[in-house]
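Q: Please take a close look at one part of this structure and describe how it is placed among its surroundings. A connected account would be best, beginning with a helix and its cap and moving outward from there.

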Amino acid sequence: MSVKSAKLTLEGIEYDFPIVRGSEGELGIDIRKLRDRTGMITLDEGFGSTGSAKSAITYIDGEQGILRYRGYPIEELCGKASFMEVAYLLIYGELPNEQQYEQFGGSVRRHTMIMEDIKRYYDVWPRHAHPMALLSSVVSALSTYYEDSLDPFDPHQVQVSIHRLLAKLPTIAAFSYKKSIGQPKIYPLNKLSYPANILHMMFAVPAEDYGVDPDVERAMDKLLIIHGDHEQNCSTATVRMVGSSQANLFATVAAGVLALWGPLHGGANQAVIEMLEAIHTDGGDLRKWVDKAKDKDDPFRLMGFGHRVYKNFDPRSTILREASRGVLDKLGKHDPLLDIAIKLEEIALKEDYFLEKRLYPNVDFYSGLILRAMGFPLKMFPVVFALGRLPGWIAHWKEMNDDPNTRIARPRQIYVGHNERKYVPIQER
Ligand code: SDX
């Protein structure tokens, strides 16, 4: 029986609200008229039961561990597509044909350099500055250099700003790393692929030739695809919130970068390695750390475990576990932290605490090990996450602006402060 509406009885009055059905059969109660009709609002701190949009970009089934970009399973895209194909798919809705792919890639390649003036930005930042702070600041500053492409409703300007941002984010990111280690900034080489250019700008030095290892290039491409999009996660919801005020794409993505920085979100990949290092330094007593994670009085959590949506397994974690082994084998590296991570996963997944709370490794649990094997410093981990997530942010910003029904996002609240009271002059307080 297909449910058509939801009934709500308030103070003896019955109200009907329509049911919205998604293309995979998920159901939602459309409460857009709730306040007009009942004078009441809903309360859902953290939005665990609240849908903020209808979207055709990404589908996640947290119970089945399903993740699809525009209908394509992440496992297929990771095995067969390039990141630039996936970026095109997320943003424009279809996989590109050869001509579209060449035009898209060619245009992005022509925008990879940033204005020379912007390089001076890096001079005033302290060397220890976290690159996520730099990334957000420089992305925001791009809006001052490209005032010709800020209108979110002019298709040409939207196209140019999308290509500019996709092209320049890796350059901005790599420049911040070079700044932090006092090395010369390495310009993009447009003959390289997108992932290869990132590795080149990050790890090449002017004094020597640098060749990108094809296996590492493929792992980088896969890592970017894995992070491509994830429906209404914290940073994407931020992008939609900021973009709903009709802010330009650069300002909107700068806000998304800052939301992603948090250790509960994209900053978790950095926090996972810091946790594994602490366990390793502490002698590798996994039982002690698992018990700490279970102890309600201990604020310690197993970073890289748990997810708001995935309640069985995060398909991305499964892919990355194999990829991390592959990169370490290829580079002939043995990382004791990988051994700890695998043992930690084995122990945790036998613990009632984790099984009952349905806490499984998420995308951040293994991604850091791959980045570490590639030579990325800890602070750059969330930055690589941002490079992967960029097409997802762009896709949601574009989908929202293309929807004529979009309104500015402005949630309500339940006020729990003081009732009205009179001003008391300071000498009487
Ligand atoms: C990402 O949303 C997305 O899609 C995000 C992301 C994306 O691609 O955009 O997938 C990327 O951000 C992945 C998540 C990375 N963060 C971490 O790994 C940080 C560690 N994990 C948690 O802090 C937590 O699991 C969250 C933030 C991921 C989810 O938080 P929720 O859904 O609000 O769940 P919760 O904090 O309410 O936890 C439910 C229970 C709690 O216990 P009780 O209060 O019910 O007794 O589970 C416990 C928590 O204490 N718990 C953990 C735990 N995570 C949750 N206990 C120990 N270790 C953990 N990691």
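A: Ser 193 caps helix 8 at its N-terminal end, and in this predicted model a side-chain oxygen of Ser 193 lies 3.1 Å from the backbone nitrogen of Ala 196. The helix that follows this cap spans residues 194-203 and is mostly covered, with 10 of its 10 residues buried. The buried residues run from Tyr 194, Pro 195, Ala 196, Asn 197 and Ile 198 to Leu 199, His 200, Met 201, Met 202 and Phe 203. Ala 196, whose backbone nitrogen faces the capping oxygen, is thus itself one of the buried residues.

The cover comes from several sides. Buried residues of helix 8 pack against helix 3 (83-92), helix 4 (98-109) and helix 7 (155-180), among others. Also in the list of packing partners are helix 9 (214-226), helix 17 (363-374) and helix 18.

Helix 18, one of these partners, covers residues 381-402 and has a further contact, with helix 6. The axes of helix 6 and helix 18 come within 8 Å and cross at roughly 35°. On the helix 6 side the contact is made by Pro 131, Met 132 and Leu 135, which meet Pro 382, Val 383 and Ala 386 in helix 18. By class, this contact has six nonpolar residues, no polar and no charged ones.

Helix 6 (131-145) is preceded by a loop that joins helix 5 (116-124) to helix 6, and Pro 126 lies in that loop. Pro 126 is partly exposed, at a relative accessible area of 37%. Its C-alpha atom is separated by 8.1 Å from that of Ser 180, although the two residues are 54 apart along the chain. Residue 180 is also the end of helix 7 (155-180), against which helix 8 packs.

Helix 17, another packing partner of helix 8, begins at residue 363. Val 363 offers its backbone nitrogen to the side chain of Asp 314, at 2.9 Å. Asp 314 is placed in the loop between helix 13 (286-294) and helix 14 (315-330). Asp 314 is buried, because its relative accessible area is 1% and the cut-off for buried is under 20%. Leaving aside residues up to four places away in sequence, Asp 314 touches His 307, Pro 361, Asn 362 and Val 363.

Two of these contacts of Asp 314, His 307 and Asn 362, lead on to the ligand. His 307 is among the closest of the 23 residues that surround the ligand, together with His 230, Leu 302, Arg 308 and Arg 316. Asn 362 has a polar side-chain atom 2.9 Å from an oxygen atom of the ligand. Lys 357 likewise places a polar side-chain atom 2.9 Å from a ligand oxygen. For Arg 301, an N or O atom in the side chain is 2.8 Å from an oxygen atom of the ligand.

Definitions and conventions:
Residues are numbered from 1 along each chain as its sequence is written. This is a predicted model: local features need pLDDT of at least 70, side-chain atom pairs count only at pLDDT 80 or more; totals for chains, interfaces and linings use all residues. Side-chain values use heavy atoms; hydrogens and water are left out. Helices (H or I, at least four residues) and strands (E, at least two) are DSSP runs, numbered from the N terminus. Buried means under 20% relative accessible area, exposed over 50%, partly exposed in between (1.4 Å probe, protein chains only). Axes are lines fitted to C-alpha atoms, for helices over the stretch in contact, and angles run from 0 to 180 degrees between N-to-C directions. Contact means heavy atoms within 4.5 Å. Ala, Val, Leu, Ile, Met, Phe, Trp, Tyr, Cys and Pro count as nonpolar, Asp, Glu, Lys and Arg as charged, and the others, Gly among them, as polar. A residue is near a molecule or strand if one of its heavy atoms lies within 4 Å of it. A polar contact is a pair of N or O atoms within 3.5 Å; within protein, one must be able to donate a hydrogen and the other to accept it, and residues adjacent in sequence count only if both atoms are side-chain atoms.
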